[in-house]
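Here are a few exercises to work through with the coordinates open. Try each task before you read its solution.

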Amino acid sequence: MIPELGHLALVLALCLALVQAILPVYGFVRSRPDYLGVAAPAAVGQFVMLGLSFCALAYAFYTNDFSVAYVAENSNTQLPWFYRIAAVWGAHEGSLLLWMMLLSTWSVAVAFASRSLPRDVSSCVLAVMGSISSGFLIFTLFTSNPFARVFPAPAQGRDLNPLLQDPGMVFHPPMLYMGYVGFCVAFAFAITALITGRVDSAWTRWTRPWTLAAWMFLTTGITLGSWWAYNELGWGGWWFWDPVENASFMPWLVGTALIHSLAVTEKRGIFKSWTVLLAITAFSLCLLGTFLVRSGVLISVHAFVTNPTRGIYILSFFGVVVGSSLVLYAVRAPRFEAGTEPVEVLSREGLLLLNNIFLVVAAAAVLIGTLYPILAAGLGLGRISVGPPYFDKVFVPLTAPLVVLVGMASVMAWKRTRPQTLRSRLWLPLLLAVIVGVLLPWLTLGTWGVAAVAGCVLGSWAILSALEDVVRRVRGSRLMLSRQIMGQTLAHVGVGVFVIGVSLVSAFGGERDVRMAPGQSVVFAGYNFVFHGVRKQKGPNYTAQIGEFTVAHNGHVISQLHPAKRHYVESDALMTESGIDDGVFRDLYLSLGEPLADKAWSVRIYYRPFVRWIWAGGFLAALGGLLALSDKRYWRRQKVRRSAVVRASTRTVDA
């Protein structure tokens, strides 16, 4: 009966979500504090019910309850227990349940952490989140029930997708979904601001930590996804501009713009309507990504194969949420910018505005490249492929000025910066960036090129300008830097490390396809690869052929690599497992191809310099977000005159 209890918990979660969505709105309109107070308990109850439902599904996987259709489709008795737990979110129904459980987690966090907010504000925020949760719970119960039974129950289930049987998949989806769903909080605060007519420094202080937390989780999730693809797919790459990869990247770009715009709104009280629009856009792109992944309109290694009915529902829900939000924005937003003073170009807010423009244009370029093939196919124009060449030509030119702005904004003052001050602060970081950019590839790789040097100069510029800002702040002062400043610096350093990694792996990375028989050797990128043969191995739910390779450099053996071909019995799938010798400045990467005559194999060898710097940069940026999020000023209780706020909000609604 545990699956039935899980299903009942889903139904009760929907009831509580509807209560959370409807009653606080009624209380706000009618100025009824008793109805406003329902929002937080309803959010807690919904969280408990969804937690019970999720645990029931996890228990069904752990105990191999193949009478549950979703379990039978995505697990079997040979699957290790930790992959059985990860299989809970390995396909459409379970991942949607995880999505909703994480949304309820954010709702509970808002309910408990926002006790210092006026009750009408916190209740409206929770009501918006309850509305989103209601829509997805209806979708789940009527089209994607994870507890549907199958009779008679099969004796053995099918296997989890072999691509997902990797440690990265245990952590990547939850982190990614936490970021996706987290932007719902910023969206809810934006809708509340439009309803109440209140966008001020207090609003930005309430919104900013939630946006920062969502951005941090999304950054971590994207970085883990890149690391997973590099290790698991056997293609030696870290980003392919896959449509589903783009679906997570677009809200990250807009979310980054939102974080910087919130900083300007809090400090100067400007860009209010723009900030609200960015909050709406970031979550709208998250919903769009949900549609792309679950509608079946695209083919991707990341996508869930679903029926058209589900896609129609998600598209309709997307249209209602986004359409109503934009209509509300069009009606209410113009009043926010009344009396705004002009912005100087040579100021921190001026450069942050340029930063926002580049980020939004970059997100628009990715959106066009992602949706154009779908629209072309829908209009009968044939199947058109938009791949890496388009994105490299369109996106890369936007990143160079963006990185320049990252470095300049760090040393800018608010309102206006004199050119003489700017020169005095930037000449040393710029000089050192040029020196490091020229020497780094030459000293570590023994070569250099124009594109590589340019990328290293840009990355070094972002790092050194961020450090210059820190040195200038602490020079001659015994005051400790705030965690927000330290987090900002660490995030910008992460951007610089990422840019250096991308530049060098793109400029100097190489690959080679060879035929190798036992005893043969190949020299590539200065390393000698010797093939000793293949041995067989039996895993818990697969059989494998494992290659034995020795890697030598300058006559010394430096590594033993063991790439493999795995055959998963239940799903009859053949997967490639790479063999990697990793290092700070380079990776050596082997991938087995197909067996050939005379015990020979086709082998692909990759040389990937500085590829680890890409993930190091992503994790440094996420760590910077975490450090900034821990700043005490975000969590200090604010003294708010609630009665005055309620009266002001009531007057706004009446008007």
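**Exercise 1.** How many cavities of 30 Å³ or more are there? Work out what lines the second largest cavity.

*Solution.* A quick note on ground rules: this is a predicted model, where local features need pLDDT of at least 70 and side-chain atom pairs pLDDT 80 or more, while totals for chains, interfaces and linings use all residues. Residues are numbered from 1 along each chain as its sequence is written, and side-chain values use heavy atoms, with hydrogens and water left out.

Step 1: lay a 1 Å grid over the protein atoms alone and call a cavity any set of points where a 1.4 Å probe fits but cannot get out; points are joined across faces, edges and corners, and the volume is the space filled by probe spheres set on them. The count is two cavities of 30 Å³ or more.

Step 2: the second largest cavity comes to about 40 Å³.

Step 3: collect residues with an atom within 4 Å of a point. For this cavity, they are A86, A87, W89, G90, L160, L164 and M169.

Step 4: sort them, with Gly counted as polar. You get six nonpolar, one polar and no charged residues.

**Exercise 2.** Which kind of pair do the rings of F54 and W89 make: stacked or tilted?

*Solution.* Step 1: ring centres (six-membered ring for Trp) must lie within 6.5 Å; planes under 30 degrees apart are stacked, over 60 edge-to-face, the rest tilted. The structure holds 32 such aromatic pairs.

Step 2: F54 and W89 have centres 6.4 Å apart and planes at 10°, so they're stacked.

Step 3: place them. F54 sits in helix 3 and W89 in the loop between helix 5 (81-86) and helix 6 (92-113), 35 residues apart; helices here are DSSP runs (H or I, at least four residues) numbered from the N terminus.

Step 4: check burial (under 20% relative accessible area is buried, over 50% exposed, partly exposed in between; 1.4 Å probe, protein chains only). F54 is buried at 12%, and W89 is buried at 12%.

**Exercise 3.** Why is C55 not bonded to C15?

*Solution.* Step 1: a disulfide needs two cysteine sulfur atoms within 2.5 Å. Searching the whole structure turns up zero.

Step 2: the closest cysteine sulfur to that of C55 belongs to C15 and is 20 Å away, so it's too far for a bond.

Step 3: try C124. Its nearest cysteine sulfur, in C184, is 14 Å away, and C124 is in no disulfide.

Step 4: compare surroundings. C55 is exposed at 51% relative accessibility, whereas C124 is buried at 5%.

Technical notes: 1 Å grid on protein atoms, 1.4 Å probe; cavity = no way out; pocket = protein on both sides within 12 Å on 5 of 7 lines; lining within 4 Å. Helix = DSSP H or I, 4+ residues; strand = E, 2+ residues; numbered from the N terminus.
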